[in-house]
Amino acid sequence: MNQRAVCISCFHYYDHRIRLVEDYLLSKGYDCTYIISDFSHIEKKHFRTELEHCIQIPTKPYYKNLSVARLRSHAQFARDAFRLVEKLSPDFLYVMVPPNSVARQAAKYKKRHPNVKLVLDLYDLWPETFPNNRAKQLLSLPFAIWRSVRDCGIPAADLIFTECELYQDRLKKQLTGKKTEVLYLCRPQKTTDGNFAVPKKQGIQLCYLGSINNIIDISGIAALSREIVSVQPVTLHIIGDGESRDAFIDSMRAAGVQVEFHGKIFDPAKRQAIFDRCDFGINMMKDSVCVGLTMKSLDYFAGGLPILNTIEGDTYKIVEKYGIGVNVNRENLKETAGRVVQLTPEENFEMRKNALEVFDALFSEQVFKEKLENTLDGLLN
């Protein structure tokens, strides 16, 4: 009889990561079940998945990201998911965090079933990623409780993956003595063959890709753009949408930037055609956000687009080491703007090639699969 594995995720935008884990487990002869919510955190509505080996948990809806309703919904999902886990009785359990409540329920399950192999995958840190420093101070007690719900689950894990090195630094005390590994984000494939033409210099073309929400640094992007505009014209191409779209566009136009709003584009060729027109992709979040790597940066690298970056930790080091963009100096935007406008087309071309090489070396599916193989093999055998 085959051994059984269960993977749990409240958020369906983790699907790609979970499916690679599931493929690995299937290759090892496990019977796999994927437990997921039926409520989309991004679209705020119920949905049905067509994924195989998948069971959806009916989940209470919520409509604000920071709300008691959201925490209650996540707690309910965690309880119901582990009631199902009890029935499935797995030998191996892979749990995506957040929400923090699933880490606590996983620890309770491990205490009742000590022989199960438990892996926690810390994909994001909440409340550390909350973007408002003032709110963090005012809500320090409830935020501490929220954080502890995750932290109390960590000691029970046999292995902890983190999405970036920064998370291991931030959780150094909690992770002391635990087996931990960095498992970087990955995406399916590059979107360009790298046969770039050296572009003619016609002002600075920037691209913003992804959700336009309250964690991106709209004021910082506008301030940097204003400095660049004082030397060269700037055009911003927006691929995506979100609740802060109007504020973002208004701020950029007020900074003297020409804005081309393309909306959501899922066709890789159409997205790549816009990347090919641009000098940099924007990878700038508020400094209060605890993030070491973003999926949008992988999308930029897969398309050979260098980045303007404020993400600390992993991304900052990668930009510096491999020459795939410019790390923004928040204290001296004029200096950063000078670096951007002085970059020659040939230097930008080299950055593009470097970005593709970094994608292959760090963020491809092949690298992800190799890390899984090397890490989980020892746990399962």
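The following exercises concern salt bridges and burial in a predicted model.

The model is predicted: local features require pLDDT of at least 70, side-chain atom pairs count only at pLDDT 80 or more, and totals for chains, interfaces and linings use all residues. Residues are numbered from 1 along each chain as its sequence is written, and side-chain values use heavy atoms, with hydrogens and water left out.

**Exercise 1.** State how Glu22 and Arg19 interact through their side chains, and whether Glu22 is buried or exposed.

*Solution.* A salt bridge requires a side-chain nitrogen of Lys or Arg within 4 Å of a carboxyl oxygen of Asp or Glu. Glu22 and Arg19 satisfy this, with an N to O distance of 3.1 Å. Both residues belong to helix H1 (residues 15-27), three residues apart, about one turn of the helix; helices are DSSP runs (H or I, at least four residues) and strands likewise (E, at least two), numbered from the N terminus. Buried denotes under 20% relative accessible area, exposed over 50%, and partly exposed in between (1.4 Å probe, protein chains only). Glu22 is therefore buried, at 2%, and Arg19 is also buried, at 18%.

**Exercise 2.** Determine which parts of the chain the pair Arg170 and Glu312 ties together.

*Solution.* The closest N and O atoms of this salt bridge are 3.2 Å apart. Arg170 lies in helix H6 (residues 165-170) and Glu312 in the loop between strand E14 (307-309) and helix H12 (314-322), so the pair joins parts 142 residues apart in sequence. Arg170 is partly exposed, at 42% relative accessible area, and Glu312 is partly exposed, at 33%.
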